[in-house]
Amino acid sequence: MTHTGEIKAGQQEMLAVRYRRRYRLCQVLTILGVIFLFALGSFSLVDGAEVLGTILIVNALVGLLNIYLLKRTGNVERAASILSGILFFLSMSLIITGGKNNTGMLWVYPIVAINLFINRFWPAVFWFVIFSVASILLLFTPASILLMTNYSFVEAIRFILTMLALNAICLAALRSEELAYKTIMQLHDDDIRKMAYYDTLTGLPNRWSFKTNLERLLSRAEKDKQRVGLLYIDLDNFKQVNDQYGHEAGDRLLLEFSERLWEEIRPTDQLLKPQTESLARLAGDEFVVLLRNIKAPLDASVVATRILNIFDGGFKVDDVTHMIYASIGIAVYPDDATDPSTLLHHADAAMYDAKHNGRNCFKFFTQEIADTLRQRQRIEKGLRQALNEAHFSLVYMPIFDCNDNTIVAVEVLLRCQSPELEGVGPDHFIPVAETTGLIKEIDLWVIDNAFQALATLQKEHLFKGQICINISGVELHNDAFPAQVKNLLERYNIAPESVELEVTETAFVADDVSALNTLKALDELGVSLALDDFGTGYTAFSQLIHYPADCLKIDRSFVNDLFSEREARNKMVMIIQNLAKLYDLRVIAEGVETEAQMTYLRENGCDWAQGYYLSRPLPWDNLLKLLSA
């Protein structure tokens, strides 16, 4: 919904509230009036006051008709007009007849007040004028011959002055109410506009506002032949702040950063002249900076360097220093793009390049990044096509016991036959799947099909080993993932201990509470957990005791370096094996390609092994032949 739509919706809601209030007021007053008029009219007729009684009964009948029409049509304005007419004629009748014992004038005051309050200001003014003129004509002109009672001049003057004062008070109250409604509506509109255009946390322009500003700025830059720099900023390790200190701490950090960011792009030795719309928060921990009329792309790097300097020594908030940094992508108009959407897209791509090249740095958009971006778009398209048209398949890598060379497990490996992904392997399409969010669908597809294959192996081929499934590190922050695994285990009636889920060690971050909770939930299901590519990440050995892991998979690069001249590399396998014994973990060696490697692993206590020396990944039929051999 656009901000205009939200404003209209808000106005309609407030008008609806006001409508319901007037509807209920008209309904209740009319019902009370009808009851009162019937009772008083009947009493007057019995008491011999036929004219007054008839007038009251007729007004009561009109009131009944008004209630019916209001209920049937919901037309409050018409109901208010009819009720005003009833009250007007009732007031005139009381003045003319004097009421019982000449007390009619006393009843006129509340009736006139009610008549004004059931109307809006200007209709109330109309009825005020009509009643005032009619009263003056009846009391001070020859029209007084219509009066059925006598009023002294003093009584008439007192009545008119009192009525004018009462009406003035009522109209003033109505006018104040009208102004209050207008003020509330204006404040509401202002709030909606602010919500539509600005980020509620930082007060910076939001994504919608930024896109509008960018279009306007580029249009002006095109006319003036100017360059515009766009810096796309993403905070590194920000999620850890939310996980460790809570979202309130994360919000305070974002607010503090937005203020520091504004200070950095308007230094005293101004390189640029920023305006409010020069900054925006797009979402989460993503910010953008617009640099107007830069002379050369190098000017943008000066500002980017200033921004990176904010994080020197960490970022301190509330006496806590958070080790967060920034990855910044830079795109320049018209050098890198000439339309707003492409410029933003290119700056975003450059930011991801900075993130993938060490973080805490900035990168300009380049042709190489453009090529990578096109490749990434092609891969994403291929993945979506593969999911929609069932282009995925599995192959099976046997895992062998090092002692007797029997097959003890099978690792499932994903393959894709999408025409768009021809020549693109999992090493390339899995990272794209993770960044686009498609990996969750792919993981579930792999697990579903792997469980289906395992169920067949167990029932038809009496397979006693495990099925090993690689899952993305993204799943460690997916609260629904353990429940999804549990549902699939139950669907295929598979014992959890016959399943091993493998997560690469590089997916772990120290003290990541969310990931640890997911691992514990999976462990409670009874499935085995393996740390894949162990030794390539940053897991401190002391942290292993906190991970509910059952297995360490030695990365193939260490197996390949078993007989390397680099002592630090050729001893890694032995170090990992000793570490696994210390924590009572099973060890699997990946990438075994020679007999010498296999002999070494067997002699040094490795439990399981896999690799081309033992078997290549096999299609389903070939796997069955191998298992039956």
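# The barrel, its salt bridges and helix α13

Q: In what order do the eight strands close into a barrel?
A: Helices and strands are taken here as DSSP runs numbered from the N terminus, a helix being H or I over at least four residues and a strand E over at least two. Two strands pair if DSSP finds at least two bridges between them. On that footing the pairing in the barrel is mixed, and the eight strands close in the order β8-β9-β10-β11-β12-β13-β14-β15.

Q: What pLDDT do local features need in this predicted model?
A: Residues are numbered from 1 along each chain as its sequence is written, and side-chain values use heavy atoms, with hydrogens and water left out. The model is a predicted one, in which totals for chains, interfaces and linings use all residues and side-chain atom pairs count only at pLDDT 80 or more, whereas local features need a pLDDT of at least 70.

Q: Do β8 and β9 run parallel or antiparallel, and how many bridges join them?
A: The two strands form a hairpin with five residues between them, and in its turn Asn-405 has a positive phi of about 60°. Phe-392 stands opposite Cys-416 in β9. The strands run antiparallel, and the number of bridges joining them is nine.

Q: In which sense do β9 and β10 pair?
A: Val-410 stands opposite Ile-467 in β10, and Glu-411 stands opposite Cys-468 in that strand. Strand β9 covers residues 407–416 and β10 residues 466–470, and over four bridges the two pair in the sense called parallel.

Q: What angle does helix α21 make with the direction of β8?
A: Contact means heavy atoms within 4.5 Å, and angles, which run from 0 to 180 degrees, are taken between the N-to-C directions of axes fitted as lines to C-alpha atoms, for helices over the stretch in contact. Helix α21 (residues 620–628) packs on the sheet and touches both β8 (392–401) and β9, and its direction makes with that of β8 an angle of about 20°.

Q: How many of the ten residues of β9 are buried?
A: A residue counts as buried under 20% relative accessible area, as exposed over 50%, and as partly exposed in between, with a 1.4 Å probe and protein chains only. By this measure β9 is mostly covered, the number of its buried residues being eight.

Q: How many salt bridges does the count come to?
A: Side chains of opposite charge can pair when their charged atoms come close. The rule applied asks for a side-chain nitrogen of Lys or Arg within 4 Å of a carboxyl oxygen of Asp or Glu. One network of such bridges links Glu-411, Glu-502, Lys-553 and Glu-590. By this rule the count comes to 14.

Q: How far apart are the closest N and O atoms of Lys-239 and Asp-243?
A: Both residues lie in helix α8 (residues 238–245), four residues apart, which is about one turn of the helix. Lys-239 is partly exposed at 39% relative accessible area, and Asp-243 is likewise partly exposed at 25%. The pair forms a salt bridge in which the closest N and O atoms are separated by 2.6 Å.

Q: What is the N to O distance between Arg-374 and Asp-371?
A: Both residues belong to helix α12 (residues 367–389), where they are three residues apart, about one turn of the helix. Arg-374 is partly exposed at 47% relative accessibility, and Asp-371 is partly exposed at 39%. Their side chains meet in a salt bridge with an N to O distance of 2.3 Å.

Q: How many residues apart in sequence are the parts tied together by Lys-381 and Glu-420?
A: The side chains of Lys-381 and Glu-420 meet in a salt bridge at 3.6 Å, N to O. Lys-381 lies in helix α12 and Glu-420 in the loop between β9 and α13 (426–436), so the pair ties together parts whose separation in sequence is 39 residues.

Q: What arc around the axis do the buried residues Phe-429, Val-432 and Ala-433 of α13 cover?
A: These three residues of α13 are buried, and what covers the buried residues of the helix includes α12, β9 and α14 (439–461). The arc is that of the directions from the helix axis to the C-beta atoms. Phe-429, Val-432 and Ala-433 lie on the same side of α13 because they cover an arc of only 105°.
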